[in-house]
Amino acid sequence: MTAAVRREVHHGRVTLCYAERPANLDAMLRAAAARAGGACAIVDGALRLDYRALDARVEADAGRLAGLGIVAGDRVAVLLENGVGFVAVMLAVARLGAILVPLGLRLAAPEIAMMLRDSGARLLLHEVAEDRLPADMGDCAALSLDRFAALDTSGFAAPAVDEDAPCAILYTSGTTGRPKGAVLTHGNVVHSCLHYAEHMGLADGERSMLAVPASHVTGLVAIVATMLLVAGRIVTMRAFQARRFLELAEAERATHTLMVPAMYALIQREPDIDRFDLTAWRIGGYGGAPMPVATIAALAAAWPGLGLVNCYGATETTSPAVIMPPGEGRLRPDAVGRAVRCGEIVAMDEAGREVPPGESGELWIAGPMVVPGYWQRAEADAASFVGGYWRSGDIGAIDAGGHVRILDRMKDMINRGGFKIYSAEVEDVLAGFPGVIEAAVVGRPCPVLGERVHAVIRADPPGKAAAVRAFVAARLADYKVPETIDWSADPLPRNANGKLVKASLREAVARG
């Protein structure tokens with residue numbers, strides 16, 4: 001039975017909302033502990049906690065935070081690996097009505113300092129070497145997770161937390177620019193979890209692989225929070241390794257995950273994937289980039305019961321705005337899906353007018369999962385949020401049936417002598433060339449044409465440029481064929497959510 005929805009006002013916007021929903025993030029944990037207390041909640045190496053034990057750990061950590069003076073509205077930053085420590089602190093912060101500021105483990109000290117200052121964090125909990133931290137922490141105290149866990153826990157009165165209150169600040173720069181703190185509310189997270197559950201057909205007791213960082217929106221919402229909603233099991237990986245993923249997924253009878261396509265490509269390259277029993281794995285969500293057709297075919301051959309589900313969204317949409325219904329992906333390989341139940345997505349021209357079905361425009365997104373704005377960035381709010389919609393900066397098209405195609409980022413479109421080239425279209429073709437793991441296409445400055453097409457390709461083994469150009473020329477117009485190609489032995493640069501960061505590639509190309 002489909003859940004009922006109704007229109008409500010939140011943050012000055014009228015949006016569709018699920019009529020029945022958990023009150024906040026902590027309510028999802030309490031409900032899971034009440035109905036499935038003995039069920040395994042999280043696996044972290046040899047450590048396993050059921051929901052009763054996880055709830056007790058969260059209560060103790062909330063008491064420790066309260067003992068340090070943390071109250072509702074305070075910002076608590078974390079620089080933690082995937083595992084029980086991250087999940088327990090995340091939920092303890094929510095129980096106190098405080099605001100989590102997750103920081104990526106690969107950030108440099110100046111980036112960490114900027115985010116601590118910008119968010120006004122009072123406390124940083126970490127499990128990194130002290131020399132990784134900024135020399136100047138400002139008003140923010142730093143405490144290792146081990147020292148935090150050794151503190152006495154004190155009693156506290158859990159406040160009533162409104163669903164429109166912030167629960168996390170996630171820093172995002174899209175693919176360029178100074179990072180902005182997207183403010184995720186409890187209501188944003190709850191609705192995204194409900195969208196995942198409805199559109200993926202999730203039920204109580206799912207077992208999900210946390211192979212992406214929990215500090216980013218996909219790990220935080222699509223895996224951790226969504227498993228709380230369905231009293232599921234979170235199987236954590238400190239770092240992604242293809243073979244270890246297969247071993248854990250088999251051992252834990254994993255049913256679900258959401259990763260970037262490059263991870264799936266690495267999995268299917270394991271020479272003996274057919275020896276792993278992953279028959280329980282039903283849902284393989286992915287986003288951040290197109291899934292190469294060759295990868296889809298290899299996964300289908302290895303595990304026929306695995307449904308690959310494309311998910312399109314951003315930190316500003318608390319992850320999913322568009323989800324491909326399970327089973328439809330193979331029928332519409334050029335689309336990413338349809339808008340989520342309570343969401344709306346439209347394609348707009350430069351004058352702010354909706355374009356006809358099938359025509360390209362900037363994708364604007366509305367719904368209860370769209371964040372109210374950025375942390376103390378009024379100018380960015382004014383530029384990015386218009387009339388209740390968030391302007392994605394993506395160029396896309398929506399057909400008459402509501403299926404969304406992503407063509408490119410507005411700033412990634414290449415103009416070659418007046419011909420507009422969508423880099424994503426060329427990248428999709430390159431992904432089908434034998435041996436290619438990932439590819440990025442950028443414009444190479446040209447004094448005559450303005451820009452020429454340049455590709456950066458990670459492949460094993462590296463191919464021949466002439467063969468690549470012939471492969472693309474057989475599938476796309478001649479002006480779209482990469483004229484120059486660089487081969488990379490290392491993973492291509494990506495942001496926190498798995499999207500290619502092309503600014504550094506353009507800079508390298510411009511330097512020649």
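Both W281 and W303 are buried in this predicted model, and their rings form an aromatic pair with a tilted geometry, the centres being 5.6 Å apart and the planes inclined at 55°. Because W281 lies in the loop between α9 and β14, whereas W303 belongs to the loop between α10 (residues 293-302) and β15 (residues 307-314), the pair ties together parts that are 22 residues apart in sequence.

W281 also takes part in a second contact, in which Y264 is the partner and the two rings are stacked, with 6.2 Å from centre to centre and 10° between the planes. Y264 is located in helix α9 (residues 261-268) and W281 in the loop between α9 and β14 (residues 283-286), so that this pair ties together parts that are 17 residues apart in sequence. As with the tryptophan pair, burial applies to both partners, Y264 and W281 being buried.

These contacts belong to a wider arrangement, since ring pairs link Y264, W281 and W303 with F240, F245 and Y286 into a cluster. In total, the structure holds eight aromatic pairs.

Aromatic rings are also found beneath charged side-chain ends. The charged end of R475 sits over the ring of F471, at 3.6 Å from the ring centre, and the charged end of K180 is placed over the ring of Y374, at 5.0 Å from the centre of that ring.

Key
Residues are numbered from 1 along each chain as its sequence is written. This is a predicted model: local features need pLDDT of at least 70, side-chain atom pairs count only at pLDDT 80 or more; totals for chains, interfaces and linings use all residues. Side-chain values use heavy atoms; hydrogens and water are left out. Rings of Phe, Tyr and Trp (its six-membered ring) pair if their centres lie within 6.5 Å; planes under 30 degrees apart count as stacked, over 60 as edge-to-face and the rest as tilted. Helices (H or I, at least four residues) and strands (E, at least two) are DSSP runs, numbered from the N terminus. Buried means under 20% relative accessible area, exposed over 50%, partly exposed in between (1.4 Å probe, protein chains only). A charge sits over a ring if NZ of Lys or CZ of Arg is within 6 Å of the ring centre and within 35 degrees of the ring normal.
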